[in-house]
Amino acid sequence: MKFIKALRRTLYRWQQKLLYGVIKTHIIGPDVKEFNLDPDKPVVYALWSPSHAEQLVIDREVSQFGWNSPYEDLLNRRLPAKPFFHIYKRTGIFRRQGSPIVAKQLISQAEWLAEDEQRDIQIVPVRVMWGRAPDKEGSFLRIWLQNSGALGGRLVTLMAILLNGRNTFVHFSKPMSLRELYEADKTPEVLARKVSRILRVHNRQVSASVLGPDLSHRRTLVHQIPRKPMVLKAIQEEVENKGTSKVKAQQQAYKYADEIASNISYTNVRFLDLVLTWVWNKIYNGVNLHNIEHLKEISKDNEIIYVPCHRSHIDYLLLSYVLYHHGLQLPQIAAGINLNMPVVGPILRRGGAFFMRRTFRDNKLYAAVFDEYLHSVFTHGYSAEYFVEGGRSRTGRTLSPKAGMLAMTLRSYLRDSKKPIIFMPVYTGYEKVFEASSYLGELRGKKKKKESLLGVFGTLKSFKNSFGKVHVTFGKPIYLTEFLDQQKPGWQQLDFSDCDYRPDWAPTVVNTLANQVVTEINRAASINPINLIALSILSAPRQAMDEQLLVRQMESYRDLIEQTPYSTLTALPPGDGKDWLAYSEELGVFSRSKHPMGDLIQTDDRQAVTLTYYRNNVLHLFALPSLIACLFVNNQRYTRDQVVQMVKQAYPFLQAELFLHWDINELDSEVNNWLDALVNKGYLHENEAGFHATPASSNEFAMLRGLADNVMQTLERYFLTLSLLNRRGSGQLNAKEAEEQSTLLAQRISLLYGINAPEFFDKALFRTLIQQLLQKGLLTKDDNDSLCFDDSINGLTQSLQDILDGELRQSILRSLEADLETEQEDAQD
């Protein structure tokens, strides 16, 4: 008997070795380290279909996890039946659909469990996928090229292993306890049927999460869209309003659909996987992920729309790469039509990109076709991805959201809300952004280069450089149903077909949603060493610091955010200031000057402007303590209540600009927490008279001033605009004129004071300030659209005047006076 058992074991291991000579496995799904299997309780594995090859794979993989080998459990008769069972049976050689069954092994195990109430069995659902393409409806060839775990004959499985074995994915799901499902008054057969039903539902969820829904032929989809009711309506309007023939309008609709639609190909995806793996290893030191396990959990029951920040063209590829390698469905990605260039466009389209024009407000037919394409994506259960900022951020700040795609998503959801939609904010933090040089040129006034194939090949020279690590954080999900319930209770009982699914309340709700999305993106921000270098050195005179002081400053930022984190998702870099400084020096982000009294770390103009990008990535994390620090750097003293009130006065403007997540009602608690943190660090002292800064000669005061400088320039911009309005007078400027004149004045101030921060004279930020002043009622508009105000604006102006450095404040006022005199002289001439 021992000889036969040994022979069986040897043959089994040889089969396993032969199989692993053909295949290469990748573990996807939940982290198996968190399964907490009880080693004293037997484990059985639930398969999709009967497959000896899959059993060989599962036995090999679980043994590497350190779990008991299911084959050894079988030989040792730990259970009355095999440690594997399946929930479907094959119904033919080539047929991919199977029949649901209740496996005899499962019934035997249920009977064994019922015999003793102390017994339990842990069931681990497993999917083995020889390739990961969703089924292609009507494409017989795909049966041979891909087998994603759907049922097929043994010949199909063999061909799939031979063709796709190097791309084998194994998905383990969290274990379930058979004892917890057991009911004493039910027979073992009833328990087995119940377990089988649960597993079938679970496996459908896994299929949707990992593989996505079945893909229709692109040709079929493109031909269907022009026949949809909303597109037919737009075609009829085209005929009536423009005199176009119906046939020509239909052809145009077809061309639009063909221009838009993706053509995802998993052969192309696997090719991109190989290329991108090489690229990441060549230019990056790794990709750090945060909070992805939560994403895996919620993706089973919901359709995910990824809404990342937009820092680089790498964003498109990086997120898909991460999702693919963690066993999640590849999204359909909204890409600008400018990327649909020769060679690159077809590759992106086959990787899941669909293309959209920058604007189509005046093209109703294109809008209808695009709407219908999006609706087909959402209602069929595909995940999607788009950038709410519209374009890439050149300054490193999160940009004001463009609500167009969100509006179309809402419109689709009002038409059909059967499949729950979740918006997943994604923060991507680069230690060196790929396009830094082009961003620097654009900020200095160069015209943005049009994307071209030649430009793509030109970037290859950058592959010799290192770009550090990339940090990707999946934020707090926004559930669309819950959001609409809060914003518009009872919306599900209303019929929106009469208004073409564009209710009057939609614009307001969409704008609120857009702001929540970018706020959640910022909440998920992580901090890297380059962020800390930028925060520290840019606040120093001439952007140069003693090495030891710089190290302490970086560590102080780390300590502050560790003690009072911006959110539960805030991630900090490992190591200490010396490690971060050495790492940053390797990336060439600063220069070092040797000196007998201690080395100096400094930046040239180019390095300083580039570092503002990385400071701006995380500026919002320190905005509140920096604002508090601004109150004390000129030796003012304030009570706790005075600090809270002054912060509340300026906070709405910072919140609108930096998308801070605290509600105004939460500020009392947050400000008090930060005051305590600053006292604890020794930056502030508290006595019976209130708070005041440490002596100006102390190291702690230098740290406090450095912290304050992060938002001091923002407060200077506010003072500049308010002073401009006061000098001009109420009703003398409209919003556009105020933006333009504020921008010109800021440019002048930046030249006079050497402010190397391009956002200081960013017109969009002045626009945001004016909009917020209007929203708060400090500004109003008259019949001529001019900005009007009264003495209520003086409170904010006076507070800013008290905070700001006197020399800079006087320079702003002198520049305004000079500008007015110049205008008066021109008028006299």
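1. Let's start with Y557: this tyrosine is buried, with a relative accessible area of 1%. For the cut-offs, buried is under 20% relative accessible area, exposed is over 50%, and partly exposed is in between, using a 1.4 Å probe and protein chains only. Its ring partner F622 counts as buried too, at 0% relative accessibility.

2. A word on what we are looking at. This is a predicted model, in which local features need pLDDT of at least 70 and side-chain atom pairs count only at pLDDT 80 or more, while totals for chains, interfaces and linings use all residues. Residues are numbered from 1 along each chain as its sequence is written, and side-chain values use heavy atoms, with hydrogens and water left out.

3. On to the aromatics. A search of the whole structure turns up 23 aromatic pairs. Rings of Phe, Tyr and Trp (the six-membered ring for Trp) pair if their centres lie within 6.5 Å; planes under 30 degrees apart are stacked, over 60 edge-to-face, and the rest tilted. F35 and W67 have ring centres 6.1 Å apart and planes at 35 degrees, so this pair is tilted. F35 sits in the loop between β1 (25-28) and β2 (43-47), and W67 in the loop between α2 (52-65) and α3 (70-75), so the pair ties together parts that are 32 residues apart in sequence. Helices here are DSSP runs of H or I with at least four residues, strands are E runs of at least two, and both are numbered from the N terminus. Both F35 and W67 are buried.

4. Back to Y557 and F622. Their pair is edge-to-face, at 5.1 Å centre to centre with 75 degrees between the planes. Y557 belongs to helix α23 (residues 547-563) and F622 to the loop between α25 (605-618) and α26 (623-630), so the pair ties together parts that are 65 residues apart in sequence. There is also an aromatic cluster, made up of Y256, F354, F360, Y366, F370 and Y373.

5. Two arginines are worth a click. The charged end of R60 sits over the ring of Y20, 4.2 Å from its centre, and R127 lies over the face of W48 at 4.3 Å from the ring centre. The criterion is NZ of Lys or CZ of Arg within 6 Å of the ring centre and within 35 degrees of the ring normal.

6. How do α27 and α32 cross? The axes of α27 (residues 640-658) and α32 (residues 794-803) come within 11 Å and cross at roughly 105 degrees; the two helices are therefore roughly perpendicular to each other. Axes are lines fitted to C-alpha atoms, for helices over the stretch in contact, with angles from 0 to 180 degrees between N-to-C directions. Angles under 35 degrees count as roughly parallel, over 145 as roughly antiparallel, 65 to 115 as roughly perpendicular, and the rest as oblique.

7. At that crossing, M646, Q649 and F653 of α27 meet G795, L796, S799 and I803 of α32, where contact means heavy atoms within 4.5 Å. The contact residues split into 4 nonpolar, 3 polar and no charged. Here Ala, Val, Leu, Ile, Met, Phe, Trp, Tyr, Cys and Pro are nonpolar, Asp, Glu, Lys and Arg are charged, and the others, Gly among them, are polar.

8. Backbone check. Most residues other than glycine have a negative phi. Y501, in the loop between α20 (480-487) and α21 (506-523), has a positive phi near 60 degrees. F659 has a positive phi near 55 degrees; this residue is in the loop between α27 and α28 (667-680) and is buried, with a relative accessible area of 5%.

9. S209 is in helix α8 (residues 188-210) and counts as buried at 7% relative accessibility. Leaving aside neighbours within four places in sequence, S209 is in contact with S299, K300, G327, L328 and Q329. The C-alpha atoms of S209 and L330 are 9.2 Å apart, with their positions 121 residues apart along the chain.

10. Finally, V618 in helix α25 counts as buried at 0% relative accessibility. Outside its neighbours within four places in sequence, V618 is in contact with Y427, S526, I527, N531 and L535. On the same basis, A656, found in helix α27, is in contact with T768 and Q772.
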